[in-house]
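Here are my comments on the model you sent, set out as numbered points. Please read them with the coordinates open.

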Amino acid sequence: KLYVTFKALNTRSKYCDLFLNGDYIPLHVHGRRGENICAFARRRAGAWALIAAPRLFTSLTPAGSLPLGTKVWGSDYLILPQGSPVAWTNIFTGENINRRIEDGGLLLSSIFSSFPVALLTGDS
């Protein structure tokens, strides 16, 4: 929890205007696991942040397991708005995640490949 709080507060400080004045955009999931994700984006002057967290874990994984990877998320993806970045960086893991060309979405299995919550940043 401390690591997540530290990284999130540092990102919020770096992108202060985005988090204080940016547009709030709720995001939806394409696929079976829509009820298992809470996600939204913030947009301001070309800067973007995307926040996503799994919910209702017990329907996703056995007790004690984290909801990570393709085994859990399959081919489900977040539907991104027009004009959102193609390339995103996960501030918790440093991973780069690219929007899929065919549908313009971000695979949940990529977002949650190695960490169970996500704060992504990108520029359009």
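1. Is Arg55 buried, partly exposed or exposed? Bear in mind that this is a predicted model. With a relative accessibility of 39%, Arg55 counts as partly exposed, because that class covers what lies between under 20% (buried) and over 50% (exposed). Arg55 sits in the loop between β4 and α3, and, once its neighbours within four places in sequence are set aside, Arg55 is in contact with Glu35, Asn36, Ile37, Cys38 and Leu60. As for its distance from Ser84, which is 29 residues away along the chain, the two C-alpha atoms are separated by 24 Å.

2. The strand that precedes this loop deserves a paragraph of its own. In strand β4 (residues 47-54), six of the eight residues are buried, so β4 is largely enclosed by the rest of the structure. Strand β3 (residues 37-44) pairs with β4 in the antiparallel sense over eight bridges, and strand β9 (residues 118-123) also pairs with β4 in the antiparallel sense, over six bridges. Ala47 appears in both pairings: Arg44 stands opposite Ala47 in β4, while in β9 the bridge partner of Ala47 is Asp123. The hairpin of β3 and β4 has two residues between the strands, and in this hairpin Ala45 takes a positive phi near 50 degrees.

3. A further sheet should be inspected separately. It is open, made of three strands in the order β2-β5-β8, and its pairing is antiparallel. Its edge strands, each of which pairs on one side only, are β2 (28-30) and β8 (105-107). On average, and with direction ignored, neighbouring strands of this sheet are turned by 35 degrees against each other. Between β2 and strand β5 (residues 77-79), which run antiparallel, there are three bridges, and Val29 has Leu78 as its bridge partner in β5.

4. Turning to charged pairs, how many salt bridges does the structure hold? There are four salt bridges in the structure, and among them is the one in which the side chains of Arg44 and Asp17 meet at 2.9 Å, N to O. Since Arg44 belongs to strand β3 and Asp17 to helix α2 (residues 16-21), the pair ties together parts that are 27 residues apart in sequence. Arg44 is partly exposed at 36% relative accessibility, and Asp17 is likewise partly exposed, at 38%.

5. Another of these salt bridges is formed by the side chains of Asp23 and Arg43, at 3.3 Å from N to O. This pair links distant parts of the chain, with Asp23 in strand β1 (residues 23-26) and Arg43 in strand β3, 20 residues apart. Asp23 has a relative accessible area of 40% and is therefore partly exposed, and Arg43, at 30% relative accessibility, also counts as partly exposed.

6. The salt bridge between the side chains of Arg33 and Asp76, at 3.0 Å from N to O, links the loop between β2 and β3, which holds Arg33, with the loop between α3 (70-73) and β5, which holds Asp76, the two residues being 43 residues apart. Are these two residues buried or exposed? Both Arg33 and Asp76 are buried, whereas Asp23 of the preceding point is partly exposed.

7. On packing, the largest nonpolar core has 22 residues, and those with the most contacts inside it are Leu50, Leu78 and Ile111. The elements that give two or more residues to this core are β3, β4, α3, α4 (108-111) and β9. If residues up to four places away in sequence are not counted, the residues that Leu50 touches include Leu27, Phe40, Leu78, Trp88, Leu106 and Leu120. A second, separate core has seven residues, including Phe19, Ala49, Phe92 and Leu119. As general background, nonpolar side chains tend to be buried together in soluble globular proteins.

8. A last point concerns the cysteines. The structure holds zero disulfides. Cys16 counts as partly exposed at 38% relative accessibility, and Cys38, which is among the contacts of Arg55, counts as partly exposed at 47%.

Terms used
Residues numbered from 1 in each chain as written. Predicted model: local features only at pLDDT ≥ 70, side-chain atom pairs only at ≥ 80, totals over all residues. Heavy atoms only, no water. Pairing = 2+ DSSP bridges. Helix = DSSP H or I, 4+ residues; strand = E, 2+ residues; numbered from the N terminus. Axes fitted to C-alpha atoms, helices over the stretch in contact; angles between N-to-C directions. Buried < 20%, exposed > 50% of the residue type's maximum accessible area, 1.4 Å probe, protein only. Core = buried A, V, L, I, M, F, W, Y, C linked by side-chain atoms within 4.5 Å. Contact = heavy atoms within 4.5 Å. Disulfide = S-S within 2.5 Å.
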